[in-house]
Amino acid sequence: MSSFPVAHKPLHTPPLQEVAEVLQTALKAKFANAEVTVVDCPDLTKPPYGLEAAGLCGSPRLADVGGVPYLMPMVQKDKLYDVKDLAVAVGLPSAFVVGAGAGPHPYVGVNSEMMANIKTGDSTTNGSRVAKINAAGSYELQKLPQSETRCALMLNMFASEGRPGKVLRVSAKKRTGDTNLVTCMREALKAHYGEKPVGLGGTFRLVEGKAKCHVMPEFSSVPLTCDAEVNEWLRFFDMPAPMVFLSTLISSDPDLDLRVEHSHGYGSDCGGHYHYDTTPETVEYEGYYNIAEFIYRIDRPKETHSVGRN
Ligand SMILES: [Zn+2]
């Protein structure tokens, strides 16, 4: 069990119905069709989601682990975390964890994007994937073995007991605005709740259309010091639906040096970090989110910067 500094703060937790109304109003301004309702979470272990636990309920919380400063300007390869330890650190030894981070380079062999999807506890199950740049220079999706529950450098995760219960169902089709789905939701919460932080985590699907996603290549041998250098280093692709994304967002940062939104997803043979869809006319999203009660900050970098957080 590794040790790392852990801090946490309570989040503002308005009723689900109120948040649904705030999100629906905002999404209707950016999509031709949008609906946000409070529903019983469908069984997320079943298709089309196929995740490691049935629901997003029971002690819901967000954690921001490590951060981009461990990746750049130069990588710190000793920054490795086991999701089982992270679950203990957020007070949920038996947790359902979904989230976006960097894959375990000692196992994968190179740097990669990680789509974390793990149920910890007595019988840990691991449905996590990683996406890497292969020797041919294209993206390659890989399922991690059950026993490989580590991530590297950074992870934005949503943890809960994985129980069924009431959640937000988000549906949006045909984008008319210029922000992506997650940014639209985050900015709506920020506009409504101001400095009171509201955090959401869960999953959404790209049902139709294509998404611009990046995949990190092998660690840079030269320092990455600004967003232009980062964007030159990253590899960008249009990836086709259907894709399942694991997603976190928080409306404001209560002085914890947070990444305020982060979503990674995968399809049958693609995967990466979500930027936005490139098919506004045909795009279709469906998602399920719950409201987090706490934000945990784990192994916060002492030296920080704002490069590479998009
Ligand atoms: Zn990412």
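For the classes I will use, Ala, Val, Leu, Ile, Met, Phe, Trp, Tyr, Cys and Pro count as nonpolar, Asp, Glu, Lys and Arg as charged, and the others, Gly among them, as polar. What you see above is a predicted model.

With those classes, take the largest cavity. Its lining has 5 nonpolar, 3 polar and 5 charged residues. That makes 13 lining residues, of which D64, G66, G67, V68 and R259 lie nearest the centre of the cavity. The space inside is about 80 Å³. Which strand gives the most to this lining? β3 does, with 3 residues. Both β3 (61–66) and β10 (150–160) supply at least two residues each.

The whole structure has 3 cavities of 30 Å³ or more. The second largest holds about 60 Å³. Its lining includes D64 and R259, along with L62, N156 and I295. Here the classes come out as 8 nonpolar, 2 polar and 2 charged. β3, β10 and β15 (243–250) each supply at least two of the lining residues.

Next, the zinc ion. Its protein donors are H262 through NE2, H264 through NE2 and H273 through ND1, at 2.0 to 2.1 Å. Along the chain, the donors follow the spacing H-x1-H-x8-H. Are H264 and H273 buried or exposed? Both are buried.

Last, the packing. The largest nonpolar core has 63 residues, and L23, L27, L181 and L189 touch the most other members. Beyond its neighbours within four places in sequence, L189 is in contact with V19, V22, L23, G194, V198, L200, L249 and S251. There is also a second, separate core of 39 residues, with L71, L92, A95 and W233 among them.

Conventions
Residues numbered from 1 in each chain as written. Predicted model: local features only at pLDDT ≥ 70, side-chain atom pairs only at ≥ 80, totals over all residues. Heavy atoms only, no water. Donors = N, O, S within 2.8 Å, 3.2 Å for Na, K, Ca; no water. Buried < 20%, exposed > 50% of the residue type's maximum accessible area, 1.4 Å probe, protein only. Core = buried A, V, L, I, M, F, W, Y, C linked by side-chain atoms within 4.5 Å. Contact = heavy atoms within 4.5 Å. 1 Å grid on protein atoms, 1.4 Å probe; cavity = no way out; pocket = protein on both sides within 12 Å on 5 of 7 lines; lining within 4 Å. Points joined across faces, edges and corners; volume = space filled by probe spheres on them. Helix = DSSP H or I, 4+ residues; strand = E, 2+ residues; numbered from the N terminus.
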